[in-house]
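Trainee: Could you walk me through reading a protein model, feature by feature?
Mentor: Happily; let us look at it together.

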Amino acid sequence: MNFDKFLFPIENNPLFSRVYGYLDYIVLICLNILTHYLFIGSFKFVSDDWVQVVYSDFNQYSFLHLLFESQRPGQYILIKIAVDAFGSVALWYHVLNFVLSTILLLVVYITAKSLFKLFFQNPAPCALLFAACFCLLFNKDQLYPWADLFYDNIAYILYFGSFYCYMQSREKRSYFFLAWIFYAGAVFIYQIGAFLPIVYIFYDILQKRTFKQAIWFVLPPFAYMLIRITDWFGFGWVYMNFNYNYLSAHFLTNFITNLVHDVITSIGVTVVNVVYGVLGLMNLTVPAVCLLIVLDVIISWLICHYIANLLKKDPGYVSAGYKEQVTRFIIFCIIGAFFSYILISANGFVESRYLIFVDFFLLLAFVLLLISLIQKNMAIFAVIFMLCLLVNQGLYVNWVISGNIQDSVNKDLAAHSGEIMGKPYFYVNASDFSRVRPDIIFTVGPGFSLHRNQFSYQIYDPYLNSQGLSQSALVFMLTYGAHINLTSTKLIYGTTGNVFVSSENGTLTCQDSKTGIYYTVNPSDYYEGNSSNLLSDYTAETGSDWLLR
């Protein structure tokens, strides 16, 4: 079957010809909607959103004052603009994130297309396959349902835009200045891509040319470190102190251990997201799941058939020195992923939003090595494509449930503030929120434990729906929403401060994270927050319609 004629019987129409020229972009835009934003209307605030958006105090600062913040001035200026524009309306942040994440996906596509020119006369089909895989990979979920992370998407757009412009800079000098400006702007927003000058150097080596131009990109991170260390030469201030471990003795002496740990943890994030994806799907009604499966089968077949036809029409391999070039390129990709992990390790912990560059470089190598295999087994790839779509959609259903839970917790904390303040301790039993689950229950396995998204508890039961309910989010809900003084009423939650250890007959065993001392709290001395008193508002979008149980 001629796919183009089947899908577009009016291909000779001039309007169609113009649209067809942008079909790759249209495919990626639609794929981003289906993968991440099918439930955008139900997204609410989660995790850091409560800190940086809902209870944000950025409206107290002028833009000039934020400019002299010493750690992330670009990030805070962007948040202030968004908070001034959108207030506490979650939908507007998520629409902004959709637009930005779509732009990011398209920039990733054109960047990959530029890289694949090393191997293909027409790199578009391979780049489209790469961008589709990049979109479907479900280990970077935080970037989409977290309202406050729009600045991350902006930073990533600038980093990849810089990379693309740098690759074009030998042909057009103006691209070099654009690459430098994009990179400098990104560094002062979010430092996760500060290693790119090293990538540029190795890209020039890959191209067998001098890397003098790449040296100029050392200036922005050097300026950033100088501003940070000197606190704007004594005239700056710090909004929130991020204690990175770049130069700490512990980081340097345990470099390999930290790196291996973070690689394993990032794999764990991917596995756990599959669990959450299944959880989300099992919280949907049968009609909703059936509708999703039919939709995903159709979309997977259309996109994979389209890519397969492109690959058949335009193999376009560059023959001169192909094998040698592939080997050098794989090494280049490994180097890129390696330095990505170095910055993640220096941060001290792994979050899914950090894995963008790791995904990019490893997927480049994966697609290049397996392009022939994928081309010959497109039917199998289409099945994998469909399953990844389902996992992603289930994952974001679970984020919808999480947002509903956190919205209810925020309201109920204010409603019960008097009872909470009447006790010396407030214990949040978040594991009790797992009541929102399907009838079929299973466990991951004995001893399975993994901290996820700064969870305040360990995941022994995969049906914990309150993912992203971080300790900092609860502190802001209590302090600024419920107006509770946490020096008088101590919070037992999270992995710092008063840490819950165990409970027996209502008596809590806790540990002071600073001193390491264990102590007990009697039932009369604490107020327990659980599903019975913190989820009273959790009704509207769970169990009352055809979509969610």
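Mentor: Start with strand pairing: two strands pair if DSSP finds at least two bridges between them. Helices (H or I, at least four residues) and strands (E, at least two) are DSSP runs, numbered from the N terminus. Keep in mind that this is a predicted model, where local features need pLDDT of at least 70, side-chain atom pairs count only at pLDDT 80 or more, and totals for chains, interfaces and linings use all residues. Residues are numbered from 1 along each chain as its sequence is written, and side-chain values use heavy atoms, with hydrogens and water left out.

Trainee: How many bridges join strand E4 to E5?
Mentor: Four, and the two strands run antiparallel. Leu 508 is found opposite Val 521 of E5. Five residues lie between the strands of this hairpin, and Gly 516 there has a positive phi near 80°.

Trainee: Which side chains of E5 are buried?
Mentor: Buried means under 20% relative accessible area, exposed over 50%, partly exposed in between (1.4 Å probe, protein chains only). In E5, residues 518-521, the side chains alternate: Tyr 519 and Val 521 share a buried face, while Tyr 518 and Thr 520 point to the other and are not buried.

Trainee: What span should helix H6 have?
Mentor: The expected span of a helix is 1.5 Å times one less than its number of residues. With 14 residues (73-86), H6 should span 20 Å, and its end C-alpha atoms are indeed 20 Å apart. Just after H6, Gly 87 adopts a positive phi of about 60°.

Trainee: How many residues of H6 are buried?
Mentor: Ten of the 14, so the helix is mostly covered. Among them are Tyr 76, Ile 77 and Val 83. Counting a contact as heavy atoms within 4.5 Å, the cover includes helices H4, H5, H7 and H9.

Trainee: How many disulfides does a search of the whole structure find?
Mentor: A disulfide is a covalent bond between the sulfur atoms of two cysteines. Taken as a pair of cysteine sulfur atoms within 2.5 Å, the search finds zero. Cys 135 is buried, at a relative accessible area of 1%, and Cys 333 is buried with 1% as well.

Trainee: What is the mean pLDDT of the protein?
Mentor: pLDDT is the predictor's confidence in each residue, from 0 to 100. The mean is 80, and 82% of residues reach 70 or more. Over residues 1-11 the pLDDT is below 50, and this stretch has 18 contacts beyond near neighbours in sequence.
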